[in-house]
Amino acid sequence: MSLAAVVGLSFALASHSSTSPSSCSGSDRWVILAHGGAGAWQGPEHLLARRRQVLREAVAQGARLLADGTGALDVIETVIVRLEDAPELNAGRGGIPNREGFVELDAAIMRGHDLAAGAAAGLRTIKNPIRLARAIMEQSPHVFMVDRGAVAFALEKGIEQVNPSWFLVPRPPPPASEGKKSGTVGVTVLDRCGEIAAGTSTGGYDTKIPGRVGDVPVIGAGTYANAKTAAISATGWGEYFIRYTAAHDVSARMAYGGASLDEAMKAVLRILREPEDARGGMIGVTADGKWAAHFTSMGMLRGVATFKAPTPRVGIFADLD
(Lines give C-alpha, C1' and ligand atoms only; values in the text may rest on other atoms or scores of the structure.)
Protein backbone atom coordinates (compact mmCIF):
# COMPACT_ATOMS: atom_id res chain seq x y z
CA MET A 1 0.00 0.00 0.00
CA SER A 2 1.36 3.44 -0.94
CA LEU A 3 2.18 6.07 1.67
CA ALA A 4 -0.65 8.26 0.35
CA ALA A 5 -3.09 5.38 0.74
CA VAL A 6 -1.89 4.73 4.29
CA VAL A 7 -2.30 8.39 5.19
CA GLY A 8 -5.76 8.47 3.62
CA LEU A 9 -6.83 5.31 5.43
CA SER A 10 -5.47 6.60 8.73
CA PHE A 11 -7.38 9.86 8.32
CA ALA A 12 -10.59 8.02 7.44
CA LEU A 13 -10.27 5.72 10.46
CA ALA A 14 -9.43 8.62 12.78
CA SER A 15 -12.36 10.65 11.50
CA HIS A 16 -14.76 7.75 11.93
CA SER A 17 -13.58 6.83 15.42
CA SER A 18 -13.70 10.40 16.74
CA THR A 19 -17.13 11.33 15.44
CA SER A 20 -19.57 12.23 18.18
CA PRO A 21 -22.79 10.23 18.34
CA SER A 22 -25.86 11.91 16.88
CA SER A 23 -27.94 10.85 19.88
CA CYS A 24 -27.16 10.65 23.59
CA SER A 25 -28.94 9.06 26.52
CA GLY A 26 -26.21 8.48 29.05
CA SER A 27 -27.34 11.20 31.47
CA ASP A 28 -30.19 13.60 32.13
CA ARG A 29 -27.70 16.47 32.37
CA TRP A 30 -27.48 19.00 29.54
CA VAL A 31 -26.80 22.73 29.14
CA ILE A 32 -27.02 25.21 26.28
CA LEU A 33 -25.80 28.81 26.23
CA ALA A 34 -26.03 31.11 23.23
CA HIS A 35 -25.01 34.70 22.57
CA GLY A 36 -25.90 37.24 19.93
CA GLY A 37 -22.90 39.49 20.33
CA ALA A 38 -21.47 42.03 22.76
CA GLY A 39 -21.65 45.78 22.29
CA ALA A 40 -23.53 48.95 23.18
CA TRP A 41 -26.90 47.40 22.25
CA GLN A 42 -28.65 50.71 21.91
CA GLY A 43 -31.66 51.07 19.67
CA PRO A 44 -35.46 51.04 19.54
CA GLU A 45 -36.97 48.83 22.22
CA HIS A 46 -39.01 46.90 19.65
CA LEU A 47 -35.79 45.91 17.85
CA LEU A 48 -34.09 44.85 21.08
CA ALA A 49 -37.20 42.87 21.99
CA ARG A 50 -37.16 41.14 18.62
CA ARG A 51 -33.49 40.21 19.04
CA ARG A 52 -34.18 38.78 22.48
CA GLN A 53 -37.06 36.77 21.05
CA VAL A 54 -34.94 35.40 18.20
CA LEU A 55 -32.33 34.21 20.68
CA ARG A 56 -34.97 32.82 23.04
CA GLU A 57 -36.51 30.75 20.25
CA ALA A 58 -33.13 29.44 19.15
CA VAL A 59 -32.14 28.43 22.70
CA ALA A 60 -35.53 26.78 23.19
CA GLN A 61 -35.02 24.75 20.03
CA GLY A 62 -31.57 23.68 21.22
CA ALA A 63 -32.95 22.78 24.64
CA ARG A 64 -35.60 20.53 23.11
CA LEU A 65 -33.00 18.77 21.00
CA LEU A 66 -30.69 18.22 23.96
CA ALA A 67 -33.50 16.94 26.15
CA ASP A 68 -34.36 14.45 23.37
CA GLY A 69 -30.76 13.24 23.32
CA THR A 70 -29.39 15.04 20.26
CA GLY A 71 -25.58 15.26 20.20
CA ALA A 72 -23.67 18.48 20.87
CA LEU A 73 -22.47 19.17 17.33
CA ASP A 74 -25.90 18.67 15.79
CA VAL A 75 -27.38 21.05 18.35
CA ILE A 76 -24.73 23.71 17.76
CA GLU A 77 -25.12 23.52 13.99
CA THR A 78 -28.93 23.67 14.16
CA VAL A 79 -29.02 26.61 16.56
CA ILE A 80 -26.33 28.64 14.80
CA VAL A 81 -27.97 28.06 11.41
CA ARG A 82 -31.13 29.54 12.89
CA LEU A 83 -29.18 32.54 14.18
CA GLU A 84 -27.30 32.93 10.87
CA ASP A 85 -30.65 33.09 9.07
CA ALA A 86 -32.00 35.79 11.42
CA PRO A 87 -31.56 39.23 9.82
CA GLU A 88 -31.84 40.87 13.26
CA LEU A 89 -28.39 39.52 14.23
CA ASN A 90 -24.93 39.83 12.74
CA ALA A 91 -24.12 36.46 11.22
CA GLY A 92 -25.17 35.01 7.90
CA ARG A 93 -28.08 36.99 6.47
CA GLY A 94 -27.73 39.70 9.10
CA GLY A 95 -24.04 40.20 8.35
CA ILE A 96 -22.80 43.79 8.25
CA PRO A 97 -21.26 45.03 4.99
CA ASN A 98 -17.59 46.00 5.13
CA ARG A 99 -16.26 49.34 3.91
CA GLU A 100 -16.65 48.22 0.27
CA GLY A 101 -20.28 47.24 0.74
CA PHE A 102 -20.23 43.43 0.78
CA VAL A 103 -20.53 40.92 3.61
CA GLU A 104 -17.68 38.58 4.54
CA LEU A 105 -18.50 35.74 6.93
CA ASP A 106 -16.39 33.66 9.33
CA ALA A 107 -17.30 30.66 11.49
CA ALA A 108 -15.77 27.91 13.63
CA ILE A 109 -16.81 24.83 15.56
CA MET A 110 -14.87 22.69 18.04
CA ARG A 111 -15.48 19.49 20.00
CA GLY A 112 -14.08 18.94 23.47
CA HIS A 113 -13.18 15.27 23.81
CA ASP A 114 -10.66 15.13 20.95
CA LEU A 115 -10.04 18.83 20.18
CA ALA A 116 -11.42 18.34 16.66
CA ALA A 117 -12.10 21.71 15.03
CA GLY A 118 -13.14 23.31 11.78
CA ALA A 119 -13.09 26.94 10.67
CA ALA A 120 -13.70 29.04 7.58
CA ALA A 121 -13.16 32.72 6.84
CA GLY A 122 -13.67 35.35 4.16
CA LEU A 123 -16.86 33.76 2.82
CA ARG A 124 -19.11 35.78 0.52
CA THR A 125 -21.52 33.17 -0.89
CA ILE A 126 -21.89 30.42 1.76
CA LYS A 127 -25.41 30.66 3.17
CA ASN A 128 -24.55 29.06 6.52
CA PRO A 129 -20.83 29.25 7.35
CA ILE A 130 -21.21 27.01 10.41
CA ARG A 131 -22.16 24.12 8.10
CA LEU A 132 -18.93 24.61 6.20
CA ALA A 133 -16.89 24.81 9.41
CA ARG A 134 -18.34 21.49 10.55
CA ALA A 135 -17.71 19.88 7.16
CA ILE A 136 -14.08 21.00 7.30
CA MET A 137 -13.76 19.44 10.75
CA GLU A 138 -15.42 16.14 9.87
CA GLN A 139 -14.71 15.65 6.17
CA SER A 140 -11.21 17.00 5.63
CA PRO A 141 -7.77 16.58 7.20
CA HIS A 142 -7.63 20.34 7.80
CA VAL A 143 -8.84 22.81 10.41
CA PHE A 144 -9.00 26.17 8.63
CA MET A 145 -10.02 27.09 5.05
CA VAL A 146 -10.49 30.48 3.41
CA ASP A 147 -11.59 32.19 0.23
CA ARG A 148 -11.77 30.18 -3.03
CA GLY A 149 -10.48 26.96 -1.52
CA ALA A 150 -13.18 27.03 1.12
CA VAL A 151 -15.86 27.72 -1.50
CA ALA A 152 -14.62 24.90 -3.72
CA PHE A 153 -14.73 22.51 -0.76
CA ALA A 154 -18.25 23.69 0.05
CA LEU A 155 -19.35 22.98 -3.52
CA GLU A 156 -17.82 19.52 -3.33
CA LYS A 157 -19.75 18.79 -0.13
CA GLY A 158 -23.06 20.18 -1.38
CA ILE A 159 -23.19 23.09 1.07
CA GLU A 160 -25.72 25.71 -0.04
CA GLN A 161 -24.50 28.87 -1.69
CA VAL A 162 -26.38 32.10 -2.40
CA ASN A 163 -25.89 35.35 -4.24
CA PRO A 164 -23.90 37.80 -2.07
CA SER A 165 -26.87 40.20 -2.15
CA TRP A 166 -28.88 37.69 -0.06
CA PHE A 167 -26.94 38.74 3.04
CA LEU A 168 -27.78 42.43 2.66
CA VAL A 169 -30.79 43.48 4.71
CA PRO A 170 -31.98 46.97 5.77
CA ARG A 171 -30.64 48.05 9.15
CA PRO A 172 -31.48 51.06 11.31
CA PRO A 173 -28.48 53.40 11.62
CA PRO A 174 -26.56 52.85 14.87
CA PRO A 175 -26.64 55.64 17.46
CA ALA A 176 -23.63 57.94 17.28
CA SER A 177 -22.58 56.84 20.75
CA GLU A 178 -22.44 53.20 19.72
CA GLY A 179 -19.25 53.58 17.70
CA LYS A 180 -18.02 50.70 15.58
CA LYS A 181 -20.91 48.37 14.80
CA SER A 182 -20.00 44.74 15.36
CA GLY A 183 -21.46 41.47 16.51
CA THR A 184 -21.27 37.70 16.54
CA VAL A 185 -23.39 34.69 17.43
CA GLY A 186 -22.17 31.70 19.38
CA VAL A 187 -23.33 28.55 21.14
CA THR A 188 -21.77 26.31 23.79
CA VAL A 189 -23.33 22.97 24.71
CA LEU A 190 -23.10 20.05 27.11
CA ASP A 191 -25.05 17.08 25.76
CA ARG A 192 -26.40 14.01 27.54
CA CYS A 193 -23.35 11.98 26.50
CA GLY A 194 -21.17 14.39 28.47
CA GLU A 195 -19.68 15.99 25.34
CA ILE A 196 -19.00 19.72 25.33
CA ALA A 197 -18.58 21.76 22.15
CA ALA A 198 -18.56 25.36 20.95
CA GLY A 199 -19.47 27.15 17.74
CA THR A 200 -19.25 30.78 16.66
CA SER A 201 -20.25 32.73 13.53
CA THR A 202 -19.92 36.38 12.52
CA GLY A 203 -20.61 38.90 9.79
CA GLY A 204 -17.90 41.37 10.80
CA TYR A 205 -18.41 45.12 11.21
CA ASP A 206 -19.12 48.12 9.05
CA THR A 207 -15.63 49.66 8.84
CA LYS A 208 -13.89 46.33 8.24
CA ILE A 209 -11.26 46.24 5.50
CA PRO A 210 -12.07 43.49 2.97
CA GLY A 211 -10.03 40.41 3.83
CA ARG A 212 -9.83 41.17 7.54
CA VAL A 213 -10.40 38.10 9.74
CA GLY A 214 -11.31 38.45 13.40
CA ASP A 215 -11.16 36.10 16.35
CA VAL A 216 -14.26 33.99 15.57
CA PRO A 217 -12.60 31.39 13.28
CA VAL A 218 -9.25 31.47 15.07
CA ILE A 219 -9.24 28.37 17.26
CA GLY A 220 -8.21 29.40 20.77
CA ALA A 221 -9.15 33.04 20.26
CA GLY A 222 -12.89 33.25 19.65
CA THR A 223 -13.77 29.56 19.77
CA TYR A 224 -12.34 26.74 21.89
CA ALA A 225 -13.44 23.48 23.52
CA ASN A 226 -11.56 21.05 25.72
CA ALA A 227 -13.37 18.34 27.67
CA LYS A 228 -10.91 18.77 30.56
CA THR A 229 -11.83 22.44 31.00
CA ALA A 230 -14.62 24.17 29.07
CA ALA A 231 -16.23 25.04 25.76
CA ILE A 232 -15.99 28.78 25.03
CA SER A 233 -17.49 31.16 22.47
CA ALA A 234 -16.34 34.78 22.50
CA THR A 235 -17.53 38.08 21.06
CA GLY A 236 -15.87 41.47 21.06
CA TRP A 237 -12.89 43.36 19.66
CA GLY A 238 -11.41 40.51 17.65
CA GLU A 239 -7.87 41.79 17.24
CA TYR A 240 -7.32 41.68 20.99
CA PHE A 241 -9.06 38.35 21.46
CA ILE A 242 -6.58 36.97 18.90
CA ARG A 243 -3.52 38.60 20.46
CA TYR A 244 -4.41 37.24 23.87
CA THR A 245 -5.74 33.86 22.61
CA ALA A 246 -8.64 34.68 24.89
CA ALA A 247 -10.73 31.51 24.73
CA HIS A 248 -7.72 29.26 25.22
CA ASP A 249 -6.49 31.45 28.07
CA VAL A 250 -9.72 30.69 29.94
CA SER A 251 -9.04 26.97 29.45
CA ALA A 252 -5.38 27.30 30.47
CA ARG A 253 -6.22 29.13 33.68
CA MET A 254 -8.57 26.30 34.56
CA ALA A 255 -6.13 23.54 33.59
CA TYR A 256 -2.90 24.94 35.04
CA GLY A 257 -4.07 27.33 37.72
CA GLY A 258 -7.07 25.53 39.09
CA ALA A 259 -9.42 28.45 38.41
CA SER A 260 -13.13 27.84 38.01
CA LEU A 261 -14.76 28.68 34.68
CA ASP A 262 -16.31 31.75 36.25
CA GLU A 263 -13.00 32.96 37.72
CA ALA A 264 -11.01 32.29 34.56
CA MET A 265 -13.48 34.03 32.27
CA LYS A 266 -13.66 37.14 34.45
CA ALA A 267 -9.86 37.30 34.67
CA VAL A 268 -9.37 37.10 30.90
CA LEU A 269 -12.00 39.72 30.17
CA ARG A 270 -10.42 41.98 32.80
CA ILE A 271 -6.99 41.62 31.15
CA LEU A 272 -8.46 42.47 27.74
CA ARG A 273 -9.70 45.78 29.17
CA GLU A 274 -6.17 46.83 30.09
CA PRO A 275 -4.41 47.41 26.71
CA GLU A 276 -6.83 49.74 24.92
CA ASP A 277 -10.12 49.11 26.66
CA ALA A 278 -10.79 46.04 24.49
CA ARG A 279 -14.31 45.09 25.49
CA GLY A 280 -16.34 42.00 24.75
CA GLY A 281 -17.85 38.92 26.30
CA MET A 282 -17.79 35.13 26.54
CA ILE A 283 -20.06 32.22 27.24
CA GLY A 284 -18.89 28.81 28.37
CA VAL A 285 -19.86 25.44 29.81
CA THR A 286 -17.95 22.62 31.51
CA ALA A 287 -18.38 18.86 31.26
CA ASP A 288 -19.89 18.76 34.76
CA GLY A 289 -22.59 21.25 33.82
CA LYS A 290 -21.23 24.50 35.20
CA TRP A 291 -21.72 27.52 32.96
CA ALA A 292 -20.76 31.18 32.82
CA ALA A 293 -21.56 34.25 30.73
CA HIS A 294 -19.68 37.51 31.33
CA PHE A 295 -19.06 40.72 29.40
CA THR A 296 -17.28 44.07 29.78
CA SER A 297 -19.24 45.87 27.04
CA MET A 298 -22.45 47.76 27.78
CA GLY A 299 -24.40 44.60 27.02
CA MET A 300 -24.30 41.11 25.54
CA LEU A 301 -27.34 39.36 24.14
CA ARG A 302 -27.28 35.92 25.75
CA GLY A 303 -29.52 33.07 26.79
CA VAL A 304 -29.30 29.82 28.74
CA ALA A 305 -31.33 26.68 29.36
CA THR A 306 -30.40 23.62 31.41
CA PHE A 307 -31.84 20.25 32.33
CA LYS A 308 -32.83 21.76 35.66
CA ALA A 309 -34.33 24.91 34.13
CA PRO A 310 -35.34 24.08 30.54
CA THR A 311 -37.27 27.30 29.90
CA PRO A 312 -34.74 29.73 28.34
CA ARG A 313 -33.68 32.82 30.26
CA VAL A 314 -32.50 35.67 28.04
CA GLY A 315 -31.02 39.11 28.63
CA ILE A 316 -28.90 41.88 27.15
CA PHE A 317 -27.76 43.88 30.14
CA ALA A 318 -27.25 42.91 33.79
CA ASP A 319 -29.86 40.23 34.37
CA LEU A 320 -31.45 37.27 32.63
CA ASP A 321 -35.24 37.21 32.71
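Three exercises with worked solutions follow, on a disulfide, a cavity and a helix.

The model is predicted, so local features need pLDDT of at least 70 and side-chain atom pairs count only at pLDDT 80 or more, while totals for chains, interfaces and linings use all residues. Residues are numbered from 1 along each chain as its sequence is written, and side-chain values use heavy atoms, without hydrogens and water.

**Exercise 1.** Find which cysteines the disulfide joins, and state which parts of the chain the pair ties together.

*Solution.* A disulfide here is a pair of cysteine sulfur atoms within 2.5 Å. The structure holds one. Cysteine 24 is joined to cysteine 193, with an S to S distance of 2.2 Å.

Next, place the two residues, with helices (H or I, at least four residues) and strands (E, at least two) taken as DSSP runs numbered from the N terminus. Cysteine 24 is in the loop between helix 1 (3–18) and strand 1 (31–39), and cysteine 193 is in the loop between strand 5 (185–190) and strand 6 (196–202), so the link ties together parts 169 residues apart in sequence.

Last, check exposure: buried means under 20% relative accessible area, exposed over 50%, and partly exposed in between (1.4 Å probe, protein chains only). Cysteine 24 is buried at 4%, whereas cysteine 193 is partly exposed at 41%.

**Exercise 2.** State what lines the largest cavity.

*Solution.* On a 1 Å grid over the protein atoms alone, a cavity is a set of points where a 1.4 Å probe fits but cannot get out; lining residues have an atom within 4 Å of a point. Grid points are joined across faces, edges and corners, and the volume is the space filled by probe spheres set on the points.

The whole structure has one cavity of 30 Å³ or more. The largest cavity holds about 40 Å³. Its lining consists of Leu33, Ala34, Ile283, Trp291, Ala293, Arg302, Gly303, Val304 and Leu320. Strand 1, strand 10 (291–295) and strand 11 (299–306) each give two or more residues to that lining. Strand 11 gives the most, with three residues.

**Exercise 3.** Compare the span of helix 2 with the expected one, and name what its buried residues pack against.

*Solution.* The expected span is 1.5 Å times one less than the number of residues. For the 23 residues of helix 2 (residues 45–67) this gives 33 Å, and the end C-alpha atoms are 32 Å apart, which agrees.

The buried residues of helix 2 include Leu47, Arg51, Gln61 and Leu66. With contact meaning heavy atoms within 4.5 Å, the buried residues pack against strand 1, helix 3 (72–84), strand 5, strand 11 and strand 12 (313–315).

Key: 1 Å grid on protein atoms, 1.4 Å probe; cavity = no way out; pocket = protein on both sides within 12 Å on 5 of 7 lines; lining within 4 Å.
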